[in-house]
Amino acid sequence: MEAVATERDLRYLHHVIALSAAVKARGKHPFAALIVDDCDALLAEAGNAFGWPAGDATGHAELLAVRAASRRFPPARLAQATLYSSAEPCAMCAGAVYWAGLGRVVYALSEARLLTLTGDHPENPTLALPCREVFARGQRAIVVIGPLLEDEAAVPHLGFWR
C-alpha cells in the first residue's frame, strides 16, 4: 500500500521549499531539509552548504540535517521522525537517512525533475538512482512519499543553474 501525504506533510514541505529559496538568496545551491519527530518537534534544519572554497562536497542539506539530529537524539526518536526535503535525497543522503534510522522521507522535487532544471551543470551531476531504490536494498523499511509540490519546489532553481 502506497503511503499518502498528510496536511502536516504538505505544511512542512512548504516550509522546506521556502527555506531552499532562502539558501539560494545566500548564494548556495537551493536545497533544504528538516527533520521533525512524530510530536512536531523540529530536530534539525539545514540548507545546502555545498561549494568550494567555503563549503564541502558532501554538504548536502539532507546530510547536514541527519548529522545534526543523529548527534542530539537517540535512535528510537529518529525512528519516529520524518526527513522533509525540497528535493529527492541523492544516494549519499539516502544512505545517511538509512544509517541514522529515520522512519520516513517526504520530498518535493524528484531527481528526474531536478535534472531538467540543472541539465549538465558541473556542480550538480545528478545520479539517476531514486532514494526508494537505495532504501529497498536495506534491511530497514523507510516510508517514502514524493514527489510532491514539484512546481513550487522548482521555483528556487529557476535562474540558478546557468
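**Notes on helix 1, its salt bridges and the cysteines**

1. Let's start with Arg11, which is partly exposed at a relative accessible area of 44%. For the record, buried means under 20% relative accessible area, exposed over 50% and partly exposed in between, with a 1.4 Å probe and protein chains only. This is a predicted model, where local features need pLDDT of at least 70 and side-chain atom pairs count only at pLDDT 80 or more, while totals for chains, interfaces and linings use all residues. Residues are numbered from 1 along each chain as its sequence is written, and side-chain values use heavy atoms, with hydrogens and water left out.

2. Arg11 pairs with Asp40 in a salt bridge, at 3.9 Å from N to O; the term covers a side-chain nitrogen of Lys or Arg within 4 Å of a carboxyl oxygen of Asp or Glu. This pair links distant parts of the chain, with Arg11 in helix 1 and Asp40 in the loop between strand 1 (32–36) and strand 2 (42–47), 29 residues apart. Helices (H or I, at least four residues) and strands (E, at least two) are DSSP runs, numbered from the N terminus. Asp40 is also partly exposed, at 38% relative accessibility. Arg8 joins in too: Arg8, Arg11 and Asp40 are linked in a network of salt bridges.

3. The structure has five salt bridges. One of them joins Arg104 and Asp9, at 2.9 Å from N to O. Here strand 4 supplies Arg104 and helix 1 (residues 7–25) supplies Asp9, with the two positions 95 residues apart. Asp9 has a relative accessible area of 0%, so Asp9 counts as buried.

4. Over at the other end, Arg113 bridges to Asp151, with the closest N and O atoms 3.0 Å apart. That connects helix 5 (residues 111–118) to helix 7 (residues 150–154), across 38 residues. Arg113 is partly exposed at 27%, while Asp151 is exposed at 55%.

5. Helix 1 itself looks regular in span: 19 residues reach 27 Å from first C-alpha to last, close to the expected 27 Å, the expectation being 1.5 Å times one less than the number of residues. Its buried residues are Arg8, Asp9, Tyr12, Leu13, Val16, Ile17, Leu19, Ser20 and Val23. Why do they sit on the same side of helix 1? Because they cover an arc of only 165° around the axis, taken from the directions from the helix axis to the C-beta atoms. Exposed Glu7 and Ala25 are carried on the face turned away from the buried side. Gly27 follows helix 1, with a positive phi near 90°.

6. The buried residues of helix 1 pack against strand 1, strand 2, strand 3 (82–87), strand 4, strand 5 (143–145) and helix 7. Val106, in strand 4 (residues 104–109), is buried at 0% relative accessibility. Leaving out residues up to four places away in sequence, Val106 touches Asp9, Leu13, Thr82, Leu83, Tyr84, Ser85, Ile145 and Leu148, contact meaning heavy atoms within 4.5 Å.

7. On the cysteines, how many disulfides are there? Zero, by the rule of a pair of cysteine sulfur atoms within 2.5 Å. The sulfur of Cys93 has its closest cysteine sulfur in Cys90 at 3.7 Å, so the gap is too far for a bond. Cys131 is too far as well, at 9.8 Å from the sulfur of Cys90. Cys93 is buried at 0%, and Cys131 is buried at 0% too.
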